[in-house]
Amino acid sequence: MGKLIAAIVVVVLGIVLGRVVENVADRVRVPPLARGGATLKYVGVGIAALILLFSVFVSVDVGHVGVVTVFGRVEPEPLYNGLHLVLPWKDVHQLSIQIQKAEAKYDAASADIQAVHTVMAINYAIRPDRAPELFRTVGLGYAQSIIGPAASEVLKANTALHQANEILKQRAKIKIDVQNGLSAWLAKYGIDVKEVSIRDIHFDPDFEKAVERKQIAQQLAEQKRYEVEHVVTVG
(Lines give C-alpha, C1' and ligand atoms only; values in the text may rest on other atoms or scores of the structure.)
Protein backbone atom coordinates (compact mmCIF):
# COMPACT_ATOMS: atom_id res chain seq x y z
CA MET A 1 0.00 0.00 0.00
CA GLY A 2 2.84 2.40 0.83
CA LYS A 3 4.45 1.92 -2.58
CA LEU A 4 1.12 2.50 -4.32
CA ILE A 5 0.68 5.77 -2.44
CA ALA A 6 4.26 6.76 -3.31
CA ALA A 7 3.59 6.06 -6.99
CA ILE A 8 0.43 8.20 -6.94
CA VAL A 9 2.30 11.02 -5.22
CA VAL A 10 5.07 10.88 -7.85
CA VAL A 11 2.55 11.03 -10.70
CA VAL A 12 0.69 13.94 -9.13
CA LEU A 13 3.91 15.85 -8.47
CA GLY A 14 5.10 15.21 -12.03
CA ILE A 15 1.85 16.46 -13.51
CA VAL A 16 1.67 19.51 -11.23
CA LEU A 17 5.30 20.50 -11.81
CA GLY A 18 4.94 19.86 -15.53
CA ARG A 19 1.92 22.17 -15.76
CA VAL A 20 3.65 24.84 -13.71
CA VAL A 21 6.64 24.75 -16.04
CA GLU A 22 4.37 24.80 -19.11
CA ASN A 23 2.46 27.81 -17.77
CA VAL A 24 5.71 29.66 -17.13
CA ALA A 25 6.91 28.75 -20.64
CA ASP A 26 3.71 30.13 -22.18
CA ARG A 27 4.17 33.40 -20.35
CA VAL A 28 7.81 33.90 -21.21
CA ARG A 29 7.38 32.24 -24.64
CA VAL A 30 10.30 29.80 -24.30
CA PRO A 31 9.46 26.61 -26.26
CA PRO A 32 12.29 24.49 -24.74
CA LEU A 33 10.89 25.25 -21.30
CA ALA A 34 7.47 24.03 -22.41
CA ARG A 35 9.01 20.79 -23.65
CA GLY A 36 10.70 20.45 -20.26
CA GLY A 37 7.30 20.68 -18.58
CA ALA A 38 5.97 17.87 -20.74
CA THR A 39 9.08 15.85 -19.97
CA LEU A 40 8.42 16.23 -16.23
CA LYS A 41 5.01 14.66 -16.70
CA TYR A 42 6.46 11.67 -18.52
CA VAL A 43 9.26 11.31 -15.97
CA GLY A 44 6.71 11.30 -13.14
CA VAL A 45 4.62 8.66 -14.87
CA GLY A 46 7.75 6.61 -15.65
CA ILE A 47 9.01 6.67 -12.06
CA ALA A 48 5.57 5.75 -10.80
CA ALA A 49 5.45 2.83 -13.24
CA LEU A 50 8.82 1.59 -12.00
CA ILE A 51 7.67 1.84 -8.38
CA LEU A 52 4.55 -0.18 -9.17
CA LEU A 53 6.52 -2.70 -11.22
CA PHE A 54 8.94 -3.47 -8.41
CA SER A 55 6.28 -3.29 -5.70
CA VAL A 56 4.30 -6.21 -7.11
CA PHE A 57 7.20 -8.59 -6.47
CA VAL A 58 7.51 -9.64 -2.82
CA SER A 59 10.14 -12.02 -1.48
CA VAL A 60 9.34 -14.00 1.69
CA ASP A 61 12.47 -14.94 3.61
CA VAL A 62 13.44 -18.49 4.56
CA GLY A 63 11.92 -19.45 7.92
CA HIS A 64 9.08 -16.96 7.51
CA VAL A 65 5.60 -16.76 6.08
CA GLY A 66 3.95 -13.69 4.63
CA VAL A 67 0.61 -12.51 5.96
CA VAL A 68 -1.28 -10.45 3.36
CA THR A 69 -3.55 -7.59 4.38
CA VAL A 70 -5.85 -5.57 2.11
CA PHE A 71 -7.21 -2.33 3.57
CA GLY A 72 -7.05 -3.82 7.08
CA ARG A 73 -8.48 -7.23 6.10
CA VAL A 74 -6.26 -10.29 6.59
CA GLU A 75 -6.25 -12.84 3.79
CA PRO A 76 -6.62 -16.44 5.09
CA GLU A 77 -3.81 -18.00 3.04
CA PRO A 78 -0.16 -17.25 3.94
CA LEU A 79 2.68 -16.75 1.46
CA TYR A 80 5.51 -19.26 1.86
CA ASN A 81 9.19 -18.48 1.31
CA GLY A 82 10.10 -17.42 -2.20
CA LEU A 83 9.10 -14.76 -4.73
CA HIS A 84 5.44 -13.81 -5.06
CA LEU A 85 3.39 -11.52 -7.28
CA VAL A 86 1.29 -9.29 -5.02
CA LEU A 87 -0.98 -6.47 -6.12
CA PRO A 88 0.41 -3.07 -5.06
CA TRP A 89 -2.53 -2.17 -2.81
CA LYS A 90 -1.81 -5.20 -0.63
CA ASP A 91 0.66 -5.28 2.27
CA VAL A 92 2.76 -8.29 3.27
CA HIS A 93 3.87 -8.80 6.89
CA GLN A 94 6.52 -11.44 7.51
CA LEU A 95 6.19 -13.69 10.59
CA SER A 96 8.93 -16.05 11.70
CA ILE A 97 8.00 -19.73 11.80
CA GLN A 98 11.39 -20.71 13.18
CA ILE A 99 11.76 -21.99 16.74
CA GLN A 100 11.80 -19.03 19.11
CA LYS A 101 12.51 -18.77 22.83
CA ALA A 102 10.53 -16.98 25.52
CA GLU A 103 12.17 -16.90 28.96
CA ALA A 104 10.97 -15.09 32.06
CA LYS A 105 10.71 -15.23 35.85
CA TYR A 106 7.44 -16.50 37.27
CA ASP A 107 5.89 -16.49 40.73
CA ALA A 108 3.48 -19.19 41.86
CA ALA A 109 2.37 -20.92 45.07
CA SER A 110 2.48 -24.46 46.42
CA ALA A 111 -0.44 -26.45 47.85
CA ASP A 112 0.56 -25.28 51.34
CA ILE A 113 0.59 -21.62 50.18
CA GLN A 114 4.36 -21.20 50.00
CA ALA A 115 5.67 -18.79 47.38
CA VAL A 116 7.47 -20.53 44.52
CA HIS A 117 9.86 -18.54 42.31
CA THR A 118 11.28 -19.95 39.12
CA VAL A 119 12.71 -19.16 35.70
CA MET A 120 10.97 -20.89 32.81
CA ALA A 121 12.06 -21.02 29.17
CA ILE A 122 9.66 -21.99 26.38
CA ASN A 123 10.76 -22.99 22.89
CA TYR A 124 7.89 -22.54 20.45
CA ALA A 125 7.08 -22.03 16.79
CA ILE A 126 4.14 -20.62 14.84
CA ARG A 127 2.28 -23.04 12.60
CA PRO A 128 2.65 -21.65 9.07
CA ASP A 129 -0.98 -22.26 8.07
CA ARG A 130 -2.25 -20.54 11.25
CA ALA A 131 -0.07 -17.42 10.92
CA PRO A 132 -2.81 -15.26 9.29
CA GLU A 133 -5.27 -16.16 12.05
CA LEU A 134 -2.71 -15.38 14.76
CA PHE A 135 -1.91 -12.05 13.10
CA ARG A 136 -5.59 -11.18 12.83
CA THR A 137 -6.65 -12.16 16.34
CA VAL A 138 -3.54 -11.35 18.38
CA GLY A 139 -1.08 -9.35 16.29
CA LEU A 140 2.70 -9.30 16.42
CA GLY A 141 2.81 -8.99 20.22
CA TYR A 142 1.71 -12.59 20.79
CA ALA A 143 4.75 -13.39 22.98
CA GLN A 144 3.65 -10.80 25.55
CA SER A 145 -0.12 -11.09 25.23
CA ILE A 146 -0.49 -14.86 24.86
CA ILE A 147 2.62 -16.88 25.76
CA GLY A 148 3.62 -15.02 28.94
CA PRO A 149 0.18 -15.09 30.62
CA ALA A 150 -0.42 -18.71 29.54
CA ALA A 151 2.90 -19.83 31.02
CA SER A 152 2.13 -18.09 34.31
CA GLU A 153 -1.34 -19.62 34.65
CA VAL A 154 -0.27 -23.16 33.73
CA LEU A 155 2.68 -23.04 36.11
CA LYS A 156 0.49 -21.80 38.98
CA ALA A 157 -2.07 -24.53 38.34
CA ASN A 158 0.61 -27.22 38.56
CA THR A 159 2.62 -25.96 41.55
CA ALA A 160 -0.66 -25.68 43.47
CA LEU A 161 -0.96 -29.48 43.30
CA HIS A 162 2.23 -30.10 45.28
CA GLN A 163 3.47 -29.35 48.78
CA ALA A 164 6.41 -26.96 48.83
CA ASN A 165 8.83 -29.57 50.22
CA GLU A 166 7.87 -31.93 47.36
CA ILE A 167 8.19 -29.50 44.46
CA LEU A 168 11.92 -30.01 43.95
CA LYS A 169 11.47 -33.79 44.06
CA GLN A 170 8.58 -33.58 41.57
CA ARG A 171 10.41 -31.19 39.26
CA ALA A 172 10.47 -33.60 36.29
CA LYS A 173 6.74 -34.34 36.60
CA ILE A 174 5.86 -30.66 36.96
CA LYS A 175 7.92 -29.88 33.88
CA ILE A 176 6.04 -32.49 31.81
CA ASP A 177 2.65 -31.37 33.15
CA VAL A 178 3.42 -27.71 32.44
CA GLN A 179 4.60 -28.54 28.92
CA ASN A 180 1.44 -30.54 28.19
CA GLY A 181 -0.83 -27.86 29.62
CA LEU A 182 0.96 -25.09 27.77
CA SER A 183 0.87 -27.07 24.51
CA ALA A 184 -2.91 -27.44 24.75
CA TRP A 185 -3.36 -23.76 25.65
CA LEU A 186 -1.22 -22.33 22.84
CA ALA A 187 -2.42 -24.78 20.20
CA LYS A 188 -5.67 -22.80 20.13
CA TYR A 189 -3.71 -19.88 18.69
CA GLY A 190 -1.67 -21.88 16.19
CA ILE A 191 1.49 -22.02 18.32
CA ASP A 192 3.38 -25.28 18.83
CA VAL A 193 5.33 -25.74 22.07
CA LYS A 194 8.57 -27.59 21.34
CA GLU A 195 10.16 -27.72 24.79
CA VAL A 196 9.70 -26.27 28.27
CA SER A 197 12.58 -25.86 30.69
CA ILE A 198 12.05 -25.04 34.38
CA ARG A 199 15.14 -24.01 36.31
CA ASP A 200 16.27 -22.07 39.35
CA ILE A 201 13.33 -23.09 41.54
CA HIS A 202 13.52 -21.41 44.92
CA PHE A 203 11.28 -20.26 47.76
CA ASP A 204 11.14 -17.28 50.08
CA PRO A 205 14.23 -16.98 52.34
CA ASP A 206 12.30 -17.71 55.56
CA PHE A 207 10.90 -20.95 54.18
CA GLU A 208 14.28 -22.04 52.81
CA LYS A 209 15.88 -21.41 56.20
CA ALA A 210 13.12 -23.40 57.91
CA VAL A 211 13.70 -26.29 55.50
CA GLU A 212 17.41 -26.12 56.15
CA ARG A 213 16.87 -26.20 59.91
CA LYS A 214 14.51 -29.17 59.53
CA GLN A 215 17.07 -31.05 57.44
CA ILE A 216 19.77 -30.37 60.01
CA ALA A 217 17.48 -31.56 62.80
CA GLN A 218 16.69 -34.74 60.86
CA GLN A 219 20.36 -35.39 60.26
CA LEU A 220 21.13 -34.91 63.95
CA ALA A 221 18.28 -37.25 64.86
CA GLU A 222 19.58 -39.86 62.45
CA GLN A 223 23.07 -39.49 63.88
CA LYS A 224 21.77 -39.81 67.44
CA ARG A 225 19.75 -42.89 66.55
CA TYR A 226 22.77 -44.45 64.90
CA GLU A 227 24.92 -43.77 67.98
CA VAL A 228 22.29 -45.30 70.29
CA GLU A 229 21.95 -48.39 68.09
CA HIS A 230 25.73 -48.70 67.89
CA VAL A 231 26.05 -48.56 71.70
CA VAL A 232 23.34 -51.18 72.14
CA THR A 233 25.00 -53.43 69.56
CA VAL A 234 28.43 -53.11 71.19
CA GLY A 235 27.01 -53.62 74.65
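## Strand E2 and its partners

Two strands count as paired here if DSSP finds at least two bridges between them. In this predicted model, strand E2 meets that mark with strand E3 (residues 73-74): two bridges join them, and the strands run antiparallel. Thr-69 sits opposite Val-74 in E3. Together E2 and E3 make a hairpin with two residues between them, and Phe-71 in the turn has a positive phi of about 50°.

E2 also pairs with strand E5 (residues 91-96), again antiparallel, this time through six bridges. In that pairing His-64 faces Ser-96 in E5. As for exposure, E2 is mostly covered, with six of its seven residues buried.

## The three-stranded sheet

Further along there's an open antiparallel sheet, with its three strands in the order E6-E7-E8. Strands E6 (100-109) and E8 (191-203) are at the edges with a single partner strand each, so each has one side left without a neighbour in the sheet. On average, neighbouring strands are turned by 20° against each other, direction ignored.

E7 (residues 115-126) and E8 are held in register by 10 bridges, in the antiparallel sense. One pair to look for is Asn-123, whose bridge partner in E8 is Glu-195.

## Helices on the sheet

Two helices to look at here are H4 and H6. Helix H4 (residues 142-159) lies across E6, E7 and E8, running at about 40° to E6. Helix H6 (residues 171-187) packs on the sheet too, touching E7 and E8, and its direction makes about 140° with that of E8.

## The nonpolar cores

Which residues touch the most other members of the largest nonpolar core? Out of 34 residues, they are Met-120, Ile-122 and Leu-182. At least two residues each come from E2 (64-70), E6, E7, helix H3 (131-137), H4, helix H5 (164-167), H6 and E8. H4 gives the most, with seven residues. As a general rule, nonpolar side chains in soluble globular proteins tend to be buried together.

Leu-182 is a handy residue to click on. Leaving out residues up to four places away in sequence, Leu-182 touches Ile-122, Ala-150, Ala-151, Val-154, Val-193 and Val-196. Apart from the largest core there's another one, of six residues, including Val-58, Val-60, Val-68 and Val-70.

Terms used:
Residues are numbered from 1 along each chain as its sequence is written. This is a predicted model: local features need pLDDT of at least 70, side-chain atom pairs count only at pLDDT 80 or more; totals for chains, interfaces and linings use all residues. Side-chain values use heavy atoms; hydrogens and water are left out. Helices (H or I, at least four residues) and strands (E, at least two) are DSSP runs, numbered from the N terminus. Axes are lines fitted to C-alpha atoms, for helices over the stretch in contact, and angles run from 0 to 180 degrees between N-to-C directions. Contact means heavy atoms within 4.5 Å. A nonpolar core is a set of buried Ala, Val, Leu, Ile, Met, Phe, Trp, Tyr and Cys residues joined through side-chain atoms within 4.5 Å. Buried means under 20% relative accessible area, exposed over 50%, partly exposed in between (1.4 Å probe, protein chains only).
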